[in-house]
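Here are some short exercises to work through with the model open beside you. Try each task yourself, then follow the solution step by step.

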Amino acid sequence: MNRPFNRTLKSAPLVLLTLLLYACAGGNGSTSNSSSSANDSSTSPDPISAPSSCDCAPLTDTIGETINVSTVTELNAAISTVNSGGGNYTILLADGTYELTTPLYISVNQVMLRSNSGNRNSVLLTGQGMDGSITHIFQVMGSDITIADLSIGEVANHAIQVHGENGADNLLVHNVRIFNTNEQMLKGSYSSSTSDSGSDNGTVECSLFEYTDDFGPQYYIGGIDVHQGANWTVRNNEFRNIRSPESSIAEHAIHFWSDSKNPLIEQNLIINCDRGIGLGLGQGRGCSGGEISNNMIYSDGQGAHNDVGIGLEDADNIEIYHNTIYFDSSYPNAIEYRYSGSNGITIINNLTNKAITSRDGGSATVADNVTSAEEAWFTDVATGDLHLASAVTGVVDAGQDLSVVTTDYDCESRTLDAGADIGADEYQTP
């Protein structure tokens with residue numbers, strides 16, 4: 001699909017949430033940002049999932065009136081002004097650490113929050129730990145909200161929750177580090193009693209989702225978890241250590257389900273997560289349409305639950321192209337399509353060291369995949385770098401030329417030589 005990024009900021013129906021406005025206005029605590037940088041003890045390196053060929057530069061644009069803040073008190077006051085003013089604002093955060101005393105509720109449309117410096121490691125919005133009293137960093141009830149170029153984490157529930165049940169659409173998360181949440185890191189919620197009530201047209205790009213320890217705090221965790229969402233794009237992100245320390249398995253690094261539609265999931269790096277990419281879960285909570293392409297997924301096998309790289313459950317009309325999956329674990333399958341509701345699926349040009357298989361009656365067209373990958377074929381398996389180390393026979397120039405996938409994991413052209421390479425990386429001779 002490789003849909004072009006053309007996110008326009010346009011008005012959506014305004015949701016008036018008096019209770020949340022009151023909460024914001026009353027939460028102006030006196031805690032200010034410290035002088036220390038957010039780039040200290042728990043900061044990981046920037047992701048290799050966003051190479052220079054991909055468009056991951058910090059944002060420089062603004063929306064409407066601009067408010068500059070440098071303390072928590074100023075940030076809370078700015079949120080209150082934005083909500084009472086009806087939206088169309090940009091909040092620019094000075095470098096520093098902002099220890100929140102209340103979640104940040106955004107109940108209006110067209111709001112941008114980003115660091116002024118553009119350095120996501122220099123602006124940290126934090127709660128009071130995964131077992132603390134701050135449940136969220138951002139509660140998003142409005143549409144056309146942009147969160148960019150900062151770090152957020154250490155909360156009891158979700159770092160970002162976008163409320164589709166309140167009509168919140170068109171979320172943009174760009175160049176954000178999300179870490180150490182007690183539940184899913186980015187949640188797209190919905191009303192289970194209403195059809196088409198999820199958040200639509202979201203974009204999550206160039207961001208890092210991670211637990212700073214080797215495991216999360218419990219099993220009920222995940223990276224991006226969207227219910228009943230339509231037309232999301234998830235690209236150029238990195239996911240690390242989303243795995244359970246308990247007897248139950250964690251949710252996926254990227255998951256669209258409960259009748260979601262048409263997600264585009266491309267050019268992401270997933271390392272040491274219980275499950276990689278999931279569309280649907282069980283029977284009756286599936287996903288229809290979508291593309292999963294050019295992703296790299298690696299597990300070192302050290303988790304208590306080593307499960308599938310790409311899993312389709314009751315998911316139909318999905319295209320799975322040019323992914324690379326390598327597991328140092330005993331789990332037998334890299335890609336699964338499961339249940340009779342999983343049909344109309346196309347799986348082409350994927351490179352794995354595990355099987356691509358049907359379970360419980362799923363059906364798919366499967367062609368030109370390689371499922372016998374060897375560690376020596378890749379640049380550095382132990383770090384999750386699954387770029388090809390050499391021109392592997394049967395992989396390089398061995399795939400189908402697919403008009404819907406014109407670039408590779410690195411956002412580089414797939415029309416460089418005789419034919420498309422199998423897997424996420426289009427090999428280039430040094």
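**Exercise 1: A loop residue**

Asn157 sits in the loop between strand S8 (145–155) and strand S9 (158–163); strands are DSSP runs of E of at least two residues, numbered from the N terminus. This is a predicted model, in which local features need pLDDT of at least 70, side-chain atom pairs count only at pLDDT 80 or more, and totals for chains, interfaces and linings use all residues. Residues are numbered from 1 along each chain as its sequence is written, and side-chain values use heavy atoms, with hydrogens and water left out.

Task: Find which residues Asn157 touches, not counting residues up to four places away in sequence.

Solution. Start with accessibility: Asn157 has a relative accessible area of 21%. Buried means under 20%, exposed over 50%, and partly exposed in between (1.4 Å probe, protein chains only), so Asn157 is partly exposed. Next, look for contacts, meaning heavy atoms within 4.5 Å. Asn157 touches Thr135, His136, Thr181, Asn182, Glu183 and Gln184. Finally, take His136: it is 21 residues from Asn157 in sequence, yet their C-alpha atoms are 5.9 Å apart in space.

**Exercise 2: The open sheet**

Task: Work out which strands stand at the edges of the open sheet of ten strands.

Solution. First write down the order, S4-S7-S9-S11-S14-S17-S21-S24-S27-S30, with parallel pairing; two strands pair if DSSP finds at least two bridges between them. Strand S4 (104–106) and strand S30 (355–359) are at the edges with a single partner strand each, so one side of each has no neighbour in the sheet. Now zoom in on one pairing: strand S14 (residues 224–227) and strand S17 (residues 252–257) run parallel and are joined by four bridges. Here Val226 stands opposite Phe256 in S17.

**Exercise 3: Aromatic pairs**

Task: How are the rings of Tyr326 and Phe378 arranged, and what does the pair tie together?

Solution. Begin with the rule: rings of Phe, Tyr and Trp (its six-membered ring) pair if their centres lie within 6.5 Å, and planes under 30 degrees apart count as stacked, over 60 as edge-to-face and the rest as tilted. The count by this rule is four aromatic pairs. For Tyr326 and Phe378, the centres are 5.8 Å apart and the planes 70 degrees apart, an edge-to-face pair. Tyr326 belongs to strand S26 (residues 324–327) and Phe378 to strand S32 (residues 378–380), so the pair ties together parts 52 residues apart in sequence. To finish, check accessibility: both Tyr326 and Phe378 are buried.
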